[in-house]
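Here's a quick briefing to read with the model open beside you. Take a look at the structure first, then work through the points by topic.

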Amino acid sequence: MLTLRDPVHGFVRADDLEAALLDSRPLQRLRFVHQLGLASMVFPGAEHSRFSHAVGAMELAGRVYDALAAHQPDLLPPELGSRERRLVRLAALTHDLGHAPFSHSAEEHFEDGLDHEAMSRRLLASPELTVCFERHGEGIGPDDVAALLAGGEGAVGRLLARVVSGELDVDKMDYLLRDSLFCGVRYGSYDLDRLLDTVRALRQDEDDDWGIGVEEGGVHAREALVMARYYMFTQGYFNVTGKVLELHLNGWLLDEGRRWPSDPQAFLEEDDVAVLARMRASSSQHAQAVLHRDRFPLAFETREHLAPEERQRFSGLLPELTARFGAHRLLISNSAKDPHRLAKARVLVERYDGTLEPMEEASQFMRHLTRIDTFRVYAAREVRDAVAELLRERWGD
C-alpha cells in the first residue's frame, strides 16, 4: 500500500488501483496545474496543485463514507474494502482530471463547448487509465467511476455522488482547508472532525433520494464551513489583484485564439508550465501584465452585495464606458457566488427528537447570508482616473 504524507490530512494510504492511478500521466499532470490559478502572484504560498487536492479529496471521501456507513450499515457496507467505499474514493481522486491550465481562471476556453467535468470523463476512458482498472480494479471499471461523477445510478449511487459533489461534499471540505493553509490565511478553517462526527445520510421520506446532512449537534460545524467558504471567496478567490490577473490571462488567450483541446491526449500536453512558456514568447500586453504584474489598476468597484436591480443598473453603464474609452483599455469582472447554497438540494438537520428540518431553518446565521455579487472595473493607466470619475458620477461613491 502506497503511503503519502499530506500537509492537511496527515498520512494518506492508497491501495493498488489508487496508487496506479496516482502514477498515471493524467494524475501526474495535475502536479503542474495550480489549484488556485494565478493566486500565487498574490499569496506567495499558494503554489499547491490540483494533484494534492485530488489526494486530499480521496482521503476525505473515505472518511465521510466511514462516518455514514457506521450509522447506516444496511445502506452502505462498512468494510474498508467494500466496492462502494472504493468507488467513492476513486471518484474523488479523479474528479478534477479535466481541469485546464490555471484551473478555474481559464476554464471557459475548451474546444467543442466542453467543460472540465466532461474532459475528466474522457480522460477516465483513456487507454492508460483503462489498463490501471483492468489490472487492479477487481470488478470496478472507469465507466463505474464516470457514472458516479455524472450523478450516480440508483439510490446508493446518487448518495455516493453527493459525497464527491453535492450539498456537503469532500471537494469543498478539502479545498477550504488546503487553500487557507497555503494562502497563509485563517478564513478557510472550520471544525472538520466535528463535522465528520455528525454527518449523516438523511432523507425526508422513502420516496426521496438520500442526501448528506448533519445531526443537530453538527449545525455549528456546518455553519463554520459556510462562513469559511464565504470569507475565502470574498478575501481570497475574489481578491482584487487575483481577479485582474485572471482577466489578463483570458485576454491573452482570446487574442491568441487559443483553446484547450477536446482530444484527451492533446489536452494532456496543456498545463501551467506550457502556457507560461508561450506567454513568455508573446509580446501581448496581457501576457506581459501577467508575467510582470504590470496589470491594469482598479478604477472602480461596487459593494459586495448588489441587489438584482442594482446589478442591472450597473450593467447598463458598461456600454457607455466601452464606447467612450475602448474595450481594449478596460477589464471588467463580475464576481458572484451564493456561499451558503452548496448545491441544488437542501442540507437536512436531524433534530434530537428524530425529526428533520432544512439547514436554513435550523440555523439563524444562514438565514441572513445573501449572495455575493460585485463589479470591478480595471482600466489602462492613461484612462484610469477618467474612468473612475465617470463611474463615480454615474453610480455614486
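Let's start with a pocket and what its walls are made of: the residues lining the second largest pocket split into six nonpolar, three polar and 12 charged. Keep in mind that this is a predicted model. After the pocket, we'll look at one helix and then at some salt bridges.

**The second largest pocket**

- The second largest pocket holds about 360 Å³ of space. It has 21 lining residues, and those closest to its centre are Met-1, Asp-15, Leu-80, Arg-85 and Arg-89.
- Which helices and strands supply at least two residues each to the lining of this pocket? They are strand S2 (10-14) plus four helices: H1 (16-23), H3 (50-71), H4 (83-94) and H6 (127-136).

**Helix H6, inside and out**

- H6 deserves its own look, so find its buried residues: Leu-129, Cys-132 and Phe-133. They sit on the same side of H6, because they cover an arc of only 95° around the axis.
- There's a handy rule behind this kind of pattern: an α-helix has 3.6 residues a turn, so residues three or four places apart point the same way.
- Now turn to the other side of H6, where Pro-127, Glu-134 and Arg-135 are exposed.
- What covers the buried residues of H6? The cover includes H1, H2 (25-29), H4, H5 (116-124) and H7 (142-149).
- Just past the end of H6, look for Glu-138, which has a positive phi of about 50°.

**Salt bridges**

- You can find 29 salt bridges in this structure.
- Glu-138 turns up again here, in a salt bridge with Arg-86 whose closest N and O atoms are 3.6 Å apart. Arg-86 belongs to helix H4 and Glu-138 to the loop between H6 and H7, so this pair ties together parts that are 52 residues apart in sequence.
- Are these two partners buried or exposed? Arg-86 is buried, because its relative accessible area is 10% and the cut-off for buried is under 20%. Glu-138 has 72% relative accessibility, so it counts as exposed.
- Arg-194 and Asp-197 form another salt bridge, with their closest N and O atoms 3.4 Å apart. Both lie in helix H10 (residues 192-198), and because they are three residues apart, about one helical turn separates them.
- Arg-194 is partly exposed at a relative accessible area of 35%, and Asp-197 is partly exposed as well, at 48%.
- Arg-394 and Glu-320 also meet through their side chains in a salt bridge, at 2.6 Å from N to O. This pair links distant parts of the chain, since Arg-394 is in helix H20 (residues 384-395) and Glu-320 is in helix H17 (residues 318-325), 74 residues apart.
- Arg-394 counts as partly exposed at 38% relative accessibility, and Glu-320 counts as partly exposed at 32%.
- Some salt bridges share partners, and in this way Asp-6, Asp-174 and Arg-178 are joined into one network.

**Ser-315**

- Ser-315 is located in helix H16 (residues 308-315). With 27% relative accessibility, Ser-315 counts as partly exposed.
- How far apart in space are Ser-315 and Asn-334? From C-alpha to C-alpha they are 9.7 Å apart, while in sequence 19 residues separate them.

Terms used:
Residues are numbered from 1 along each chain as its sequence is written. This is a predicted model: local features need pLDDT of at least 70, side-chain atom pairs count only at pLDDT 80 or more; totals for chains, interfaces and linings use all residues. Side-chain values use heavy atoms; hydrogens and water are left out. On a 1 Å grid over the protein atoms alone, a cavity is a set of points where a 1.4 Å probe fits but cannot get out, and a pocket is an open set with protein on both sides within 12 Å along at least five of seven lines; lining residues have an atom within 4 Å of a point. Grid points are joined across faces, edges and corners, and a volume is the space filled by probe spheres set on the points. Ala, Val, Leu, Ile, Met, Phe, Trp, Tyr, Cys and Pro count as nonpolar, Asp, Glu, Lys and Arg as charged, and the others, Gly among them, as polar. Buried means under 20% relative accessible area, exposed over 50%, partly exposed in between (1.4 Å probe, protein chains only). The arc is that of the directions from the helix axis to the C-beta atoms. Contact means heavy atoms within 4.5 Å. A salt bridge is a side-chain nitrogen of Lys or Arg within 4 Å of a carboxyl oxygen of Asp or Glu.
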